[in-house]
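Got a model open and want to poke at its helices and its packing? Let's go through it question by question.

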Amino acid sequence: MLEDEGEESRWVRDRLGPERLAAVAAWPTSFAIEVEELGAVRCCHATPRSDEDTLTPITPEAGAAIQFEGTTEPVVLGGHTHIQFERRIREWRFVNVGSIGRPREVRPAAYWALLGPDVELVSTDYVVDSAAKAVLASGQPSAEQVVDALLHPPSPDEAAVVLEQRQLEKAGGD
């Protein structure tokens, strides 16, 4: 959002204003925390390597492991794909906490994780119709797409296939 020149990103930057944009720009892209009884946890948007990496439940392990090289924490929390899942990638436990606003899940809800003494993947129901109305009233350029995703989220399996295909296309594969 900070560097993208798309209409949606410009709209978000306009609403945040210079002071809040500066605060967001100062946030670390990755950081470690200590969780009682769980230990060291690496927190990042996508993977420790990049906030733009795509890691899904079906990403081949060899490609996934590259995204964790140099990470010393045994537990890594990420998001980015909006699919809530957990998987072991070599010596790391990767947990995608999900998404509050645009989940790719079986049913509309807010998907997140509770930390300590383990990682618990949870979801919270909310009045999705009210959220959809608020999005439509916001002036957001992609409001109709966001509302469709809120009301009819793609299944995690379908989303994973689409995301992996996009990743292949970005890399120049078939």
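The expected span of a helix is 1.5 Å times one less than its number of residues. Keep in mind that this is a predicted model.

Q: What span does helix α5 reach from its first C-alpha to its last?
A: Start with the count: α5 runs over residues 156–171, which makes 16 residues. At 1.5 Å a residue, the expected value is 22 Å. The model comes out close to that, and the reach from first C-alpha to last is 22 Å.

Q: And how far does helix α1 span between its end C-alpha atoms?
A: Helix α1 covers residues 7–26, and a straight helix of 20 residues would span 28 Å. This one falls short of that, with its end C-alpha atoms spanning only 23 Å.

Q: At which residue in α1 does a kink lie?
A: Look shortly before the proline Pro18. The kink there is about 105°. The residue is also among the buried ones of α1, a list that includes Trp11 and Leu21. The kink lies at Gly17.

Q: Why are the buried residues of α5 on the same side, and what arc do they cover?
A: The buried set in α5 is Pro156, Ala159, Ala160, Leu163 and Glu164. Their directions around the axis cover only a narrow range, which puts them on the same side of α5. On the other side, Asp157, Glu158 and Val161 are exposed. The arc is 130°.

Q: Which element supplies the largest share of the largest nonpolar core?
A: That core has 14 residues, and Leu55, Phe68, Val76, Ile83, Ile89 and Phe94 have the most contacts inside it. At least two residues each come from α2, β4, β5 and α5. The largest share is three residues, and it comes from α5.

Q: How many residues are in the second, separate core?
A: Val41, Val75, Leu77 and Val119 are among its members. The total for this second core is nine.

Q: Is Asn96 buried or exposed?
A: Asn96 sits in strand β5, residues 92–96. Buried means under 20% relative accessible area. Asn96 has 0% relative accessibility, so it counts as buried.

Q: Which backbone nitrogen does the side chain of Asn96 reach?
A: One polar partner of this side chain is the backbone oxygen of Ile83, at 3.3 Å. Ile83 also appears in the contact list of Asn96, along with others including Phe85 and Leu121. The backbone nitrogen is reached at 2.9 Å, and it belongs to Gly98.

Technical notes
Residues numbered from 1 in each chain as written. Predicted model: local features only at pLDDT ≥ 70, side-chain atom pairs only at ≥ 80, totals over all residues. Heavy atoms only, no water. Helix = DSSP H or I, 4+ residues; strand = E, 2+ residues; numbered from the N terminus. Bend = angle between axes of the 7 residues up to and from the residue. Buried < 20%, exposed > 50% of the residue type's maximum accessible area, 1.4 Å probe, protein only. Polar contact = N/O pair within 3.5 Å; in protein donor to acceptor, adjacent residues only side chain to side chain. Contact = heavy atoms within 4.5 Å. Arc of directions from axis to C-beta. Core = buried A, V, L, I, M, F, W, Y, C linked by side-chain atoms within 4.5 Å. Lists of a residue's contacts leave out its neighbours within four places in sequence.
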